[in-house]
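Q: Hey, can you walk me through this one? I'm new to reading models.
A: Sure, let's put it up.

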Amino acid sequence: MDPVTRRRSGRGGLWLALLAAAALALPLVVSNRFAIDVFIRVLLFAFIGVAWNLMGGYAKQLSLGHAAYFGLGAYTSTILLIRFGVSPWIGIVAGGVVAMAASLPIGALCFRLRGPYFAIATIATAQVLMLVFLKLRDLAWGAEGTTLPNLGNAPLMMQFDGKAPYYYIALALLAIGLAVTYGIERSWMGYYLIAVGEDEDAAEAIGVNALRVKRQIYLISAFLTALAGTFYVQYIYFIDPNTAFSFNVSVEAALVSIVGGIGTLWGPVVGTVLLEASSALLQSWLGGGHGGVQLTVYSLILIAVILWRPTGLIGVLASAYARVVPAGRAQAGEAPRDG
Amino acid sequence: MRALSLPAERKPAKRPAMAEALVVRNLSKRFGGLRAVRDLSFSVDEGETVALIGPNGAGKTTSFNLITGYHRCDAGSVVAFGRELVGLRPYDICAHGLARTFQVARPFGKMTVLANVMTGALLRDKTLALAREKAREAISFVGLSAREHVPARDLTTIDQRRLEMARALATAPRLLLLDEVMAGLNPAEIDQAVALVGRLSERGLTIVIVEHVMRAIMAVARRLVVLDHGQKIAEGSPAEIVANEEVIRAYLGTGYAPAASPGGARC
């Protein structure tokens, strides 16, 4: 490891510690339930974005069907909870495993396609799963969905009185997602993923089995997304096919990564903070009556990023950092692109 | 210059010195009505440098794509180091020791030079530290060390070609297939590239090179295979080829220019 890298990671560690401390202290300082709710949504969608970014950002496989895994995670844990009395703590892992299993046939179908065709095929997979769960009346409550039994304060069943515990679970999920991404970035897999994302044919010429790499990252991405699904239904106490397989989840996962910085460790986090914060602020200023405004702002932010900063906000922050700290390198956070 | 540990050095050769590295037999490929490659046969001995030449559209790049698994041939066989390659995927063929470059360099643009080449080195060992070391050897071999941390998209044409070669070398190949690495280079750069190919050959690497720059071919290749309309029309030493009537008619022209048609030939 070269000295520049070592110095950079040392400084990064300090920032990370400060950030973690702030994130951990937040619920102690902020008691407003609406604010905590916004924070939980930010953490959750940042986590989904991180999961999406592994495949969509690094390997540039632009999936618009990650709701499939979100929904499978949500339904698996809920069915296990209500039908079999299994704790969601087990259900959350089971949901991840189900999502991994589902990603294999879905990947086998979709990875034959490239570019926009791949994206369209993934949309279809999530929609098909939604239709399947609409029809599964006996096992999965059909179109009406179901509320989750309220067990009061039952930490072993992932149910809590206050919002703070949910906040910490979401924070832990995000930390797991970031740690997984960090580990992959700094392993052979990070290099292979970026190589596949940049030029699949050229990658195969130097011995990269592109299909296998895509399949492997899809497994990981699906697993993580499913964790978010379980957490979400445990948080809102309700599940139906439209919520679980919502196209919004798929879009949001892609959007936060693109706005924040595709294929970067912190991109989805930065993107979610901006998008969710702006939408929450708009909601509180305008009330619920102006649904279109929030979407308009979303679209404007997306257009602005794509027009002026295709590398996302992380690119803006990195170059600003490089200007402020002359020794700092603009490529901070881009380790796998360099040796 | 540090030693580049190519497999030819790493493993003592079990085969006799003049074993065949590559044997192409009756290779054929059609694209619709176009017979891009027709009944092509040639072989390359271990350690030899062979050039594939011919006019644009003669089937040179198609032959490369057939050998390296990017196209599936309609008929024929490709045997490299004793193993049939037809039906294998490009990454398997690379793992078997055949590395190629592309006619138009295809670097991973947002990766640095070092990361590009490391990606190649990771084929043989998944440890980053070792890959970094191997990559640095390959980078220094092609003379790109000064640009190690430059994103590949910012390189000049010749440096992108060097990068392609370094990336291919990092996979520790036994046979290197170079597709027009000298197209578009100026005379001084061609001399550098010729020297580089010469050094690779000295290290015992078997090389198949597609090239239009006759001056370069004459300098690096011991044997030439001439293609026209997908068929082999001649094979022999450079001296034999430049005297061959059919080759002169089909490709060289009388009194061939030293840098004949350096443009990109898409076969």
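**Chatting through the model**

Q: What does the pLDDT of chain B average?
A: Chain B averages 86, and 88% of its residues score at least 70. pLDDT is the predictor's confidence in each residue, from 0 to 100.

Q: Where is it below 50?
A: Residues 5-16 of chain B are below 50, and that stretch has 15 contacts in the model beyond near neighbours in sequence. Residues 257-267 of chain B stay under 50 as well, with 27 contacts beyond four places in sequence. Two residues are in contact if their C-beta atoms, placed from the backbone, lie within 7 Å. Where pLDDT is low, the predicted coordinates should not be read in detail.

Q: Any ground rules?
A: This is a predicted model, so local features need pLDDT of at least 70 and side-chain atom pairs count only at pLDDT 80 or more, while totals for chains, interfaces and linings use all residues. Residues are numbered from 1 along each chain as its sequence is written, and chains are lettered from A and ligands numbered from 1 in the order in which they are written.

Q: And what ipTM does the complex get?
A: The predictor gives the complex an ipTM of 0.85 and a pTM of 0.87.

Q: Ok, domains. How is chain B divided?
A: Into domain 1 (18-97 + 175-267) and domain 2 (113-172). Those bounds come from an automatic or database domain assignment. The centres of the two domains, taken over C-alpha atoms, are separated by 24 Å.

Q: How many residues does their contact take?
A: 8 residues from domain 1 of chain B and 8 residues from domain 2 of chain B. On the domain 1 side, α3 (90-95) and α7 (187-202) of chain B each supply at least two residues. Helices here are DSSP runs (H or I, at least four residues), strands are too (E, at least two), and they're numbered from the N terminus.

Q: Now the other chain. How many residues does chain B bring to the contact with chain A?
A: Chain B brings 30 residues and chain A brings 18 residues. On the chain B side, α3, β6 (98-100), α4 (113-121), α5 (128-142) and α6 (157-170) each supply at least two. The largest share of that side, 5 residues, comes from α4(B).

Q: Is anything from chain B covering a helix in chain A?
A: Look at α8 (residues 188-198) of chain A: 11 of its 11 residues are buried. Among what covers them are α4 and α5 of chain B, together with α2 (33-58), α7 (164-185), α9 (200-205) and α10 (210-236) of chain A. Buried means 20 or more other C-beta atoms within 10 Å of the residue's own, exposed means 12 or fewer, and partly exposed is in between, with C-beta atoms placed from the backbone.

Q: Switching to strands: in what order do the 4 in the chain B sheet come?
A: β2-β1-β4-β5, in an open sheet with antiparallel pairing. Strands pair if DSSP finds at least two bridges between them.

Q: Why is one side of β2 and of β5 left without a neighbour?
A: β2 (34-45) and β5 (83-84) of chain B stand at the edges, each with a single partner strand, so one side of each has no neighbour in the sheet. For β2(B), 8 bridges join it to β1 (residues 20-31) of chain B. L22(B) stands opposite V44(B) in β2(B).

Q: Last one: where is V86(B)?
A: V86(B) is in the loop between β5 and α3 of chain B. V86(B) is partly exposed, because 16 other C-beta atoms lie within 10 Å. Not counting residues up to four places away in sequence, V86(B) touches C73(B), S77(B) and V78(B).
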